[in-house]
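Open the model in your viewer and keep a selection box handy. We will go from stop to stop, and at each one I will say what to select and what is there.

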Amino acid sequence: MQIKELVSKLNPVKVNYCGKENIEVKNIAQDSRNPKGTVFFAYKGESYNSNKDAENIYKSGMAEFIICEEYLGDNIAHAVIKNGRRLLAAAVSAFYNEPMKKYCSMAVTGTNGKTTSTYIMESIFHEAGMKTCRIGTTGIMIDDEFVEIDNTTPSPELVYSSLARGLEIGCTALTMEVSSHALAQDRINGAFFETAVFTNLTGDHLDFHKNMENYFEAKALLFTDTYSKHRVINVRNEYGKKLAGRIKENLITFNIFDNNADIFPVKYTSTVYGIDAEISVFGKIINIHSMLIGEYNLENILGAVGAAYSLGISLDDIAKGIKNLKNVPGRLEKFSNKNITAFVDYAHTDDAIVNAVSSLRQVAGGRIITVFGAGGDRDTAKRPRMAYASTELSDITIITSDNPRTEDPLKIIDDIVKGVKQGSKYYVEADREKAIAKAVSIAKEHDIIFIAGKGHEDYQIIGKNKHHFDDRLVVQKYLGAL
């Protein structure tokens, strides 16, 4: 693709090619800390305006052409556009020859359940004979090639380069988590999914969205004609009902407790060994067994069933794909020794704690001991709600640190403790490893230890530095010492 071809797709306000219109675009850089490339794409973001760096980047020779939101003068090869952040995704997609259009694709959004839903869907795709790309919180998996990422929905460059790589090695199916931030910030502009799943919506990320209505409206964008064709909605949640009410066609509803939905369980059992369910799919019955546990994972399964059904995958392949998934990293991931079982989970909202602990209560033979903290520099309003959820539903709660980032860990804990249910049994231990060790030390036979907040993460962010820390390794260490 030549520079003039790329620019033509962006509806520029003004262009100065300065004789460079026929240069082949080899890459598009967007990070002013590493701007070297054929094209540097500048825009005003939430925390930084890279337009101010564009002229120096060009004059230093690090980029041959600039795409930006401000006029840089007649002697600089550049194109001026409106809303650079929105157009960046479209530009990168065009550069990689719009690879998403070549995939059988499923996207999922919601406060909880996104990662698990993509893993279930990936397993179903595999059973249907398709190689997959999976993009989400735990990273990017291109068939069996892993790419580490920092955000639930990564940059357009990472998304589209990964999809292009997937096509090179024969991938035909895509399952992807889409965050409210990515939708609000136009980071997936130009993307289109054959089917989109809504899991639920509860209080989170209000430091960014300011209120639940803004949060909901960001999520709702995925279910417009701009981004998706089929829409699979959990109507158990009030926000799901509201969203479904807006959709006039290609709607599939699911509800774990209502047989008026298109997809619902006729009957089911959930034990520490998994879920067995008889599910009605538009009146057709599918029998499933899953190694996942709990009602909220049954909801994730129903959403994946709806997505797969909308894509024309057979009920037989759907059932086999669900059965083949053994676990999801850091999502009620199980470890046990001497009849004490620990589950490590990514739950980092009050609703996620309620869902997880309620599910564990259904299979617990003894007490539930919950260990959790809350992230620093993030939504502070949920901290006391998390404490109430844990202390109301658990027998014992140990409040600790999560990723404190630049906040004082003790200040975060103070915020959490304000929500503790009166009369409940809880401890405070700021050192996360010591908190997990304490949970193991006080556990008795048949107790369940629930370690929430970090899940698959193998680090802790203290200040601005990452330190290696993995809840899964820590709990195995202390369980193994019993």
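Start with residues 408 to 410: a side-chain oxygen of D408 comes within 3.0 Å of the backbone nitrogen of L410, at the start of helix α14. Before moving on, please keep in mind that this is a predicted model, in which local features need pLDDT of at least 70 and side-chain atom pairs count only at pLDDT 80 or more, while totals for chains, interfaces and linings use all residues. Residues are numbered from 1 along each chain as its sequence is written, and side-chain values use heavy atoms, with hydrogens and water left out.

Now select the whole of α14, residues 409-417. Helices (H or I, at least four residues) and strands (E, at least two) are DSSP runs, numbered from the N terminus. Which residues of α14 are buried? They are I412, I413, D415 and I416; buried means under 20% relative accessible area, exposed over 50%, and partly exposed in between, with a 1.4 Å probe and protein chains only. Look down the axis of α14: the buried residues fall within an arc of 155 degrees, so they line one face of the helix. That arc is taken from the directions from the helix axis to the C-beta atoms.

What do these buried residues pack against? Add β19 (368-372), α13 (382-393), β20 (396-399) and β21 (426-428) to your selection; contact means heavy atoms within 4.5 Å.

Next, bring up the sheet. It is open, with 6 strands in the order β17-β18-β22-β19-β20-β21 and mixed pairing; two strands pair if DSSP finds at least two bridges between them. The edge strands, β17 (333-337) and β21, each pair on one side only. Neighbouring strands of this sheet are turned by 15 degrees against each other on average, direction ignored. Helix α13 packs on the sheet, where α13 touches β19, β20 and β21, and its direction makes about 165 degrees with that of β19. Axes here are lines fitted to C-alpha atoms, for helices over the stretch in contact, and angles run from 0 to 180 degrees between N-to-C directions.

Zoom in on β19 and β22 (residues 448-452), which pair in the parallel sense over 4 bridges. Here I369 stands opposite I449 in β22. Then select helix α16 (residues 471-480), which packs on the sheet and touches β17, β18 (340-345) and β22; the direction of α16 makes about 15 degrees with that of β17.

Follow β17 into β18: they pair in the antiparallel sense over 5 bridges, with F335 opposite A342 in β18. The two strands form a hairpin with 2 residues between them, and K338 in the turn has a positive phi of about 55 degrees.

For another set of hairpins, select β15 (residues 274-281), where 6 of its 8 residues are buried. A hairpin of 2 residues joins β14 to β15, and β14 (residues 263-271) pairs with β15 in the antiparallel sense over 8 bridges. On to β16 (residues 284-290): 7 bridges join β15 to this antiparallel strand, and I279 has I286 in β16 as its bridge partner.

Last stop: Y48, in the loop between β3 (37-41) and α2 (51-59). At 38% relative accessibility, Y48 counts as partly exposed. A polar contact of 2.7 Å joins the side chains of Y48 and D53; a polar contact is a pair of N or O atoms within 3.5 Å, and within protein one must be able to donate a hydrogen and the other to accept it, with residues adjacent in sequence counting only if both atoms are side-chain atoms.
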